[in-house]
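Biologist: Could you give me a close look at the part of this protein where the ligands and the metal sit? I'd like to know what lines it and what lies around it.

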Amino acid sequence: MNSDILLGLQWGDEGKGKIVDVITPKYDVVARFQGGPNAGHSLEFNDKKYVLHLIPSGIFHPNKLNVIGNGVVIDPAVFKKEIEGLGLPLDEVIKKLIISSRANLILPVHRILDAANEKSKGAKKIGSTLRGIGPAYTDKISRNGLRVGDILSTNFKKRYDEHTARHLATIERYNFEFDLAQYEEGWFEGVEIMAKFRIENSEYLLNNLLDQGKKILAEGAQGTMLDIDFGSYPFVTSSNTISAGACTGLGIPPKKIGEVFGIFKAYCTRVGNGPFPTELLDSTGEDIRKAGFEFGATTGRPRRCGWLDLPKLKYAITINGVTQLFMTKSDVLSGFGTIKACTSYIVDGKETTELPFTFDNAEPVYKEFAGWSGDITKIKKFDNLPENLKDYIDYIEKYTGVPITIVSVGPDREETIIR
Ligand code: GDP
Ligand code: IMO
Ligand code: MG
């Protein structure tokens with residue numbers, strides 16, 4: 001059997017958590033392959049909302065395995081808090097959740113370094129979630145990291161102290177005030193909880209399960225425009241958010257990848273800094289933010305809002321090899337009279353559909369669409385959607401050459417149209 005991948009095609013927050021939860025019944029395993037607690041994946045069912053940061057979005061389904069893969073960076077303090085907030089008995093979660101021994105740890109000093117680093121950038125700051133992601137991946141790549149498997153070794157505390165001392169020397173140079181103790185207590189409690197879980201080389205488990213015919217869904221975090229190689233660098237995260245990241249982040253070979261589900265909002269949002277050519281700085285942007293409740297699931301920051309950017313969507317489809325598109329938040333655009341989508345850019349006086357090296361000077365060219373109105377959240381059949389929404393969907397499918405097979409019309413599990 002092959003592993004399918006679900007990932008974001010924009011700047012994150014496309015609704016990955018919701019849709020993973022909806023399609024989990026078709027799978028045996030849900031596995032996170034990159035990112036860390038910078039992610040905030042929201043799920044809604046039975047009138048309750050949950051936000052997951054590290055735990056895969058299949059966790060609420062019975063009899064499904066969830067794996068935190070080697071490509072993820074884990075903060076034990078966040079892990080502990082999240083486990084406690086699930087509302088599930090600990091022994092049930094321990095049965096359902098496996099952590100890769102090769103995943104790198106986010107240390108308390110990584111969070112401090114992240115904050116010190118951002119502060120030193122002044123106006124050029126990335127707008128990081130300040131969860132220690134960049135410094136943890138930096139340690140990983142420079143071969144200085146501590147990994148989950150290390151927490152089981154007898155000299156773990158000694159190694160922790162050595163790593164911390166090394167970073168404290170760097171932080172001193174920043175002239176940055178901090179309180180390490182504030183983070184350390186919860187961190188070590190989190191390490192104790194993690195040690196109760198199955199910590200293993202999960203690449204064996206995942207490949208064995210595929211050989212036995214089991215179905216795996218790899219769950220992406222962030223989005224393609226935040227990818228370290230292909231996103232709007234340097235305003236990106238520190239991991240490969242694209243489909244190739246699922247291979248390196250889980251140990252699944254490319255020939256065992258099946259469908260690649262690319263998820264996007266009917267418009268665009270971005271939280272944090274960096275170029276956003278279709279951003280709406282007027283009242284329409286404000287109206288989208290209000291209607292879509294566009295505030296970060298991790299930091300609560302208001303998300304910047306704008307029209308759909310089709311050249312970027314097409315780029316993301318190419319880079320990821322997307323085979324099916326899922327469109328979310330169609331309900332949010334209800335009542336917006338006219339809707340726009342960017343179909344090309346003007347760069348240095350020339351029209352192009354290619355993304356420039358930096359997006360700074362890309363002037364969007366828009367196509368207008370007649371909008372739709374009314375509450376569409378209870379519609380169950382694609383055919384019953386407003387004609388103008390169907391026309392919008394049809395245009396996106398023709399532009400990208402990829403079918404839109406799921407249309408999400410609300411945050412709840414039930415508010416999903418599968419074609
Ligand atoms: P993720 O990071 O990709 O999992 O997305 P987030 O959870 O950060 O942000 C998506 C937000 O939109 C969450 O509040 C979801 O509950 C909500 N959401 C998801 N799909 C829909 C939809 O189709 N319509 C509406 N109105 N909200 C949605
Ligand atoms: P999910 O999985 C939206 C953004 C931050 C910042 C940049 C770098 O919920 O879609 P980092 O903390 O990685 O150093 O931040 O990336 N960012 C996200 N934006 N959704 C996310 O995750 C994000 N994770 C990071 O706002 O601009
Ligand atoms: Mg999110």
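Modeller: Here is a walk through that site, from the ligands to the metal and then outwards.

A word on the ground rules: this is a predicted model, in which local features need pLDDT of at least 70 and side-chain atom pairs count only at pLDDT 80 or more, while totals for chains, interfaces and linings use all residues. Residues are numbered from 1 along each chain as its sequence is written, chains are lettered from A and ligands numbered from 1 in the order in which they are written, and side-chain values use heavy atoms, with hydrogens and water left out.

Let's start with ligand 2. There are 20 residues around it, and Asp 13, Lys 16, His 41, Thr 129 and Thr 237 come nearest (near here is a heavy atom within 4 Å). That shell divides into seven nonpolar, ten polar and three charged residues; Ala, Val, Leu, Ile, Met, Phe, Trp, Tyr, Cys and Pro count as nonpolar, Asp, Glu, Lys and Arg as charged, and the others, Gly among them, as polar. Now for its polar contacts (pairs of N or O atoms within 3.5 Å). Oxygen atoms of ligand 2 lie 3.3 Å from a backbone N or O atom of Gly 127, 2.9 Å from a backbone N or O atom of Val 271 and 2.9 Å from a polar side-chain atom of Arg 301. The protein covers 97% of the 550 Å² of accessible area that ligand 2 has on its own (Shrake-Rupley, 1.4 Å probe).

Next, ligand 1. Of the 21 residues around it, the nearest are Lys 16, Gly 40, Ser 42, Asp 331 and Ser 408, so you'll recognise Lys 16 from the ligand 2 list. A polar backbone atom of Gly 40 is 2.8 Å from an oxygen atom of ligand 1, and an N or O atom in the side chain of Arg 303 is 3.1 Å from an oxygen atom. On the nitrogen side, a polar side-chain atom of Asp 331 lies 2.7 Å from a nitrogen atom of ligand 1. Alone, ligand 1 exposes 580 Å², and the protein buries 95% of that.

Then there's the magnesium ion, ligand 3. Asp 13 (OD) and Gly 40 (O) are its protein donors, 2.1 to 2.2 Å away; donors are N, O and S atoms within 2.8 Å of the metal (3.2 Å for Na, K and Ca), and since water is not among the atoms, sites may look incomplete. The pair links distant parts of the chain, 27 residues apart: Asp 13 sits in the loop between β1 (3-8) and α1 (16-23), and Gly 40 in the loop between β2 (29-32) and β3 (41-45). These elements are DSSP runs numbered from the N terminus, with helices (H or I) of at least four residues and strands (E) of at least two. Asp 13 counts as partly exposed because its relative accessibility is 21%, whereas Gly 40, at 10%, counts as buried (buried is under 20%, exposed over 50%, partly exposed in between, with a 1.4 Å probe and protein chains only).

Follow the chain on from Asp 13 and you reach α1. Eight of its eight residues are buried, so α1 is largely enclosed by the rest of the structure. Lys 16, from the two ligand shells, is one of those buried residues.

Methods
Polar contact = N/O pair within 3.5 Å; in protein donor to acceptor, adjacent residues only side chain to side chain.
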